[in-house]
Amino acid sequence: MLSSVMASPKGSRSQKMKLPIFTRKGTLEVPSPTEKDWSKDDEDDWVFKDPDQEQDSLPQPYRMINKMVNSLFDRSWEMIEARDTSKKAELRRTLPTIYHPLRESKLNTMPNCMDVSQDYVFIGGSKGFSIYNLHNAKQLYVWEKLKVDVISIWATDLGSEILIAPVDEMGIVRLFYFYKDGLYLIKAINELEDASKQTTCIKMEISKGGNFAALLLQGAGDIWLDVYKLPKESWIKEVQYPQLAVNTKKKIRQQLQLNTPDSVTADSLDTDMNISFRGDVKLSLPVQIMKIKPPKPITGTTFKSPLEAFAKIAGCRGLGSGQNHYIKASQWEKREAILRATYKKFLDGEWEPEPISMATFYFLLPSRVIPMPTGVKRSPGLACVLGVHWTDHHNFFFYSLNRTLKDKVDPEGVWPCAAPIVVSQLSPCSSYLVLACEDGVLSLWDLAQGLTLGVVALPEKCFCQSIHFLKYFLVHKGQNVYPEGSVKCHMKCVVLCTDASLHLVTASGIQNSTISLLVERPVKYLDEAICAVAPVQALPGMVLTFSRDGSVFLMDVAKSQIICSFALPRSYSLAAPWNPVFVVSLHHPCFLLRGDHPDEIGSASKAEDIPNSIFYFNFEDYPLLKNFSRNCTIPQASILAHPTFAQALPLEERCEKFFQKSIQNLAKYKVKEEEHWTRLRRYSLLLQKEDLKK
């Protein structure tokens, strides 16, 4: 019977059928020999599994394909979740009000740079520069006779005149004098006939008022700083009486005709104002007064005694530069040998050549902190000293401008710092100076009063990239306002760091400086990193920020809040958001921004065929910004009413107000005292009368 059962089909089917089994969760372990140690939740450690639902391992190559497909699905799902998260985060973020430009100026050439002075816009582009009216965007003049493009341009307001300094791709600087409806070429400063000796201008600076100019030149593997005195008084006479300045010599006239071409056709000019080029008028040339070279490397001393080193420093000139020391060459060699022996594994190998030392320089006004030679008169409002510091150097040098080219170039003063100076900035009023060192420490100086306002340190691993001064403002009833009159010993500036974080530095009096974070370093959204910052003087406490994604925001630094956003038309974008071409007017509530057509840049065969435009934004024409620009000043009476605002006044005015208040209080006290004595006399008389009656 057993054999018949095994031979039947049912028997074979029942034998092949798999029964349910119990498997233990997790790894198998040897149980404890005693029942006391057994787990009470032993039943939960077992799970029921159906053998028919078990999956057999796939053979190769299907197992590898299965892993690749699963990995692809996992990555896709992660990307979907990341996009979904970013979309939700963007929806949560409050989008600011977006304002579009009010006017567009289409250009035939690509604008590489621009500047604003008075009511004119100067745009440097292909083969020259052009002049536009700031208010109606009409083209007034075009000077395009160069073989290369203009890459940078400066326009300095001289009052009724404007000094224009374009720099082309060859590094040649040309000075133009713009007076009324005439444009005059003064000189191509560093242009030489021998091309092998040609120098390149890297940086240029013109003093406030246009009395001096400084050029950082490079050539033949060397770099230096040339300083010129500009005959501004002679220029105004020569353009007002051109018959005295007309050049009759043929050679010079031919040279002027070659270097100073005529203007373009009159069809492209504005009918209201026709600017003409006056090539027949020769203006006085700038006079070079100084040539400054980088500091020499410190080597062993040549002095035989310390007295010789002290005698070298006549009148404390050069004190702190580190050049006049008494350290012998053998001591330097020993220190270098110890350094190489200690850090041999780091010093061995190939070293990159050291870059050429660059200079940062400013023209400084007369002040109490700047040393001046004896017998030199200080003219208020005119630059008298040139401040210079070089890369990888600790010292800030002061050079007097009252000298000639034959005089020996020695600094009148030196400010040594604890670390190399990497960034510096002078305020527009030339009263405040900030020095940022390599270790992230910022020194705040009040040059006008001769005081140090304090020292602040950036957060750890934050290094200064640029410094931008703000006109000092106060917060009155929730609105940023400028105090009426002058403000002393008070400054505010924003600091952009290399990690794209933005900080606000405030100094109010001596040793009362603070630093606060405005924008954190972007971690998740790297395209939101700030690349450029520009203060808006027409709006108190406002700055423009330019991000890598092309966004332009207006920020209130007092509240660390975005007020609004400025956007180009949809078909335009910023070609280089990390280095945008823009300019903010100092005297008008507007800024200009260059926009490019990204769709047509690649399809255009020539650079002239690429559409380029300059867009005009006026802050007063936007509803949200009208109140900021119109009600931006507060009278001194309102400042004195608040004890915090009173600290913003100059020390002399605060003392005067204090004495006036004291005199008023004393007068009131005397009146009250007299009233008190009168009452006492009356009371004593009444007492005497009562005594007589009794």
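**Two open sheets in a predicted model**

Let me begin with the contacts: in this protein, 54% of those with a separation of 6 or more are between residues 24 or more positions apart. I should say at once that what we are looking at is a predicted model, so everything that follows is computed from that model.

As for the overall inventory, the protein has 694 residues, of which 40% are buried, and its secondary structure consists of 13 helices and 39 strands. The accessible surface amounts to about 42700 Å², with carbon and sulfur atoms contributing 54% of that area.

I will take two sheets in turn. The first is an open sheet of four strands, in the order 5-6-7-8, with antiparallel pairing. Its edges are strand 5, covering 113–117, and strand 8, covering 139–144, each of which pairs on one side only; going from one strand to the next, the twist averages 15°. Within this sheet, strand 7, made up of residues 128–133, runs antiparallel to strand 8 and is joined to that strand by five bridges, and if you look for Ser130 you will find that its bridge partner in strand 8 is Val142.

Staying with the same region, I would like to pause on Gly125, which belongs to strand 6, residues 120–125. Is Gly125 buried or exposed? Gly125 counts as buried, because its relative accessibility is 6%, and the cut-off for buried is under 20%. Leaving aside residues up to four places away in sequence, Gly125 touches Met110, Asn112, Asp149 and Val150. Of these contacts, the one with Asp149 can be described further, since the two residues are 24 apart in sequence, while their C-alpha atoms are 5.6 Å apart in space.

That brings me to the second sheet, which is also open, and which contains five strands in the order 9-10-11-12-16, with mixed pairing. Here the edge strands are strand 9, at 150–157, and strand 16, at 276–277, each pairing on one side only. Which strand pairs with strand 11 over six bridges? The partner is strand 12, residues 182–188, which pairs with strand 11, residues 174–179, in the antiparallel sense; as one example from this pairing, Tyr177 has Tyr184 of strand 12 as its bridge partner.

Finally, there is a helix to place against this sheet: helix 4, residues 232–240, lies across strand 10 (161–168), strand 11 and strand 12, and runs at about 55° to strand 11.

Notes: Residues are numbered from 1 along each chain as its sequence is written. This is a predicted model: local features need pLDDT of at least 70, side-chain atom pairs count only at pLDDT 80 or more; totals for chains, interfaces and linings use all residues. Side-chain values use heavy atoms; hydrogens and water are left out. Buried means under 20% relative accessible area, exposed over 50%, partly exposed in between (1.4 Å probe, protein chains only). Contact means heavy atoms within 4.5 Å. Accessible areas come from the Shrake-Rupley method with a 1.4 Å probe; for residues, only the protein chains shown count as cover. Two strands pair if DSSP finds at least two bridges between them. Axes are lines fitted to C-alpha atoms, for helices over the stretch in contact, and angles run from 0 to 180 degrees between N-to-C directions.
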